[in-house]
Amino acid sequence: MTVTSLGIPRRLLEFTLDGQEVRVPEGATILDACRAAGKDVPTLCQGDTLTPKNACRVCVVEVEGSRTLVPACSRKAEAGMEVRTDSERARHSRKVVLELLASSVDLSTTPRAAERLKEYEAKPDRFGPDAARLNEQPRIDNELYVRDYDKCILCYKCVDACGDQWQNTFAISVAGRGFDARIAVEQDAPLTDSACVYCGNCVEVCPTGALSFRTEFEMRRAGTWDESAQTETTTVCAYCGVGCNLTLHVQDNEIVKVTSPHDNPVTHGNLCIKGRFGYQHVQNRG
């Protein structure tokens with residue numbers, strides 16, 4: 001008989017969330033509690049497979065007794081705390097953050113960005129055209145994925161995915177300081193001259209489309225990208241015996257990109273170059 005260890009049950013904590021008593025396991029974050037309670041707290045830099053970086057500050061909430069607003073993605077829930085997710089103070093902070101981001105970078109491919117700007121009545125145009133942080137052409141220096149830094153919000157998710165949290169390749173880092181800070185490979189060289197192994201795990205976690213499949217980038221530029229017309233099929237990678245799960249995104253009977261389920265115990269959303277980009281043989285009809 002096979003015995004499965006369930007581990008030690010975690011103690012439940014009780015606290016107040018928007019006037020309602022909630023219970024969450026010890027170690028859960030405020031954001032975990034919000035999602036369990038159906039609260040729609042916006043996030044950008046938070047990733048379900050990465051340690052929170054507290055970079056974007058869009059998910060801030062108000063905690064009774066705290067001098068400042070706290071990031072819900074990383075603040076652990078505590079017994080007896082009182083949290084307000086939709087207070088005037090929290091909403092104003094999110095509005096300003098969204099205005100600053102939308103005025104400085106291109107959020108056109110950021111999921112729900114337009115919806116959030118409308119929800120918080122953000123007006124990024126009030127900073128004027130000179131607020132744009134970058135003005136450069138997308139970097140297309142390989143056949144697999146594109147780097148469009150005009151869409152980068154410096155969330156550091158790609159750095160963490162490439163670094164010690166997953167890939168341990170360390171090809172990506174933050175170059176410069178202050179207003180000159182930017183994501184780059186060593187010496188800001190072409191990707192083909194860097195330590196990149198083309199696993200695409202940085203593409204997987206990018207929340208804004210600053211990193212995207214070459215196929216997706218070309219289709220968006222041609223105006224043919226249509227997520228509503230795409231189907232998603234999860235299968236198992238055929239390249240080796242590890243058993244990584246692949247989710248194939250198909251449009252017009254063609255695979256347009258490959259992702260991996262983040263809740264899969266084998267991959268946690270991560271793949272190698274073969275699993276993520278080696279799908280052309282499937283649709284080689286010659």
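Here are some exercises with worked solutions on this structure, which is a predicted model.

**Exercise 1. Work out which strands sit at the edges of the five-stranded sheet, and look at how one edge strand is paired.**

Step 1. Start with the strand order: this open sheet runs 2-1-5-3-4, and its pairing is mixed.

Step 2. Read off the two ends. Strand 2 (20-25) and strand 4 (70-71) are the edge strands, each with a single partner, so one side of each has no neighbour in the sheet.

Step 3. Now zoom in on strand 4. Two bridges pair it with strand 3 (residues 60-63), in the antiparallel sense. If you want a spot to find on screen, look for Val-60, which faces Pro-71 of strand 4.

**Exercise 2. Describe the hairpin made by strand 11 and strand 12, and decide whether strand 12 is enclosed or not.**

Step 1. Check the pairing: strand 11 (residues 245-251) and strand 12 run antiparallel, joined by five bridges. In one of these pairings, Gln-251 is matched with Glu-254 of strand 12.

Step 2. Look at the turn. Two residues lie between the strands of this hairpin, and Asp-252 in the turn has a positive phi of about 55°.

Step 3. Count buried residues. Strand 12 has six residues and five of them are buried, so the rest of the structure largely encloses this strand.

**Exercise 3. Find out where the salt bridge between Lys-257 and Glu-216 sits, then set it beside the one between Glu-218 and Arg-221.**

Step 1. Recall the idea: side chains of opposite charge can pair when their charged atoms come close.

Step 2. Take Lys-257 and Glu-216, whose side chains meet at 3.7 Å, N to O. This pair ties together distant parts of the chain, with Lys-257 in strand 12 and Glu-216 in helix 6, 41 residues apart. Both partners are buried.

Step 3. Move on to Glu-218 and Arg-221, where the closest N and O atoms are 3.0 Å apart. Both belong to helix 6, and they are three residues apart, about one turn of the helix. Glu-218 is partly exposed at 29% relative accessible area, while Arg-221 counts as exposed at 56%.

Step 4. Put them in context: the model has 26 salt bridges in total. Some share partners, and Asp-40, Arg-112, Glu-115, Arg-116 and Glu-119 are joined into one network that way.

**Exercise 4. Explain why Cys-155 and Cys-237 are not in disulfides.**

Step 1. Get the cut-off: the two sulfur atoms have to be within 2.5 Å.

Step 2. Try Cys-155. The closest cysteine sulfur belongs to Cys-158 and is 6.2 Å away, so a bond is ruled out.

Step 3. Try Cys-237. Here the closest cysteine sulfur is in Cys-240, at 6.0 Å, again too far for a bond.

Step 4. Check the overall count, which is zero disulfides. Both cysteines are buried, Cys-155 with a relative accessible area of 8% and Cys-237 with 11%.

**Exercise 5. Describe the lining of the largest pocket, then do likewise for the second largest pocket.**

Step 1. Begin with the largest pocket, with about 1,100 Å³ of space. Its lining has 46 residues, and those nearest the centre are Pro-111, Glu-204, Cys-206, Pro-207 and Thr-208.

Step 2. Sort that lining by class: 17 nonpolar, 15 polar and 14 charged residues.

Step 3. Turn to the second largest pocket, which holds about 400 Å³. It is lined by 17 residues, with Leu-101, Ser-104, Arg-133, Ile-153 and Leu-154 closest to its centre. By class, this lining has 12 nonpolar, three polar and two charged residues.

Definitions and conventions. Residues are numbered from 1 along each chain as its sequence is written. This is a predicted model: local features need pLDDT of at least 70, side-chain atom pairs count only at pLDDT 80 or more; totals for chains, interfaces and linings use all residues. Side-chain values use heavy atoms; hydrogens and water are left out. On a 1 Å grid over the protein atoms alone, a cavity is a set of points where a 1.4 Å probe fits but cannot get out, and a pocket is an open set with protein on both sides within 12 Å along at least five of seven lines; lining residues have an atom within 4 Å of a point. Grid points are joined across faces, edges and corners, and a volume is the space filled by probe spheres set on the points. Ala, Val, Leu, Ile, Met, Phe, Trp, Tyr, Cys and Pro count as nonpolar, Asp, Glu, Lys and Arg as charged, and the others, Gly among them, as polar. Buried means under 20% relative accessible area, exposed over 50%, partly exposed in between (1.4 Å probe, protein chains only). Two strands pair if DSSP finds at least two bridges between them. Helices (H or I, at least four residues) and strands (E, at least two) are DSSP runs, numbered from the N terminus. A salt bridge is a side-chain nitrogen of Lys or Arg within 4 Å of a carboxyl oxygen of Asp or Glu.
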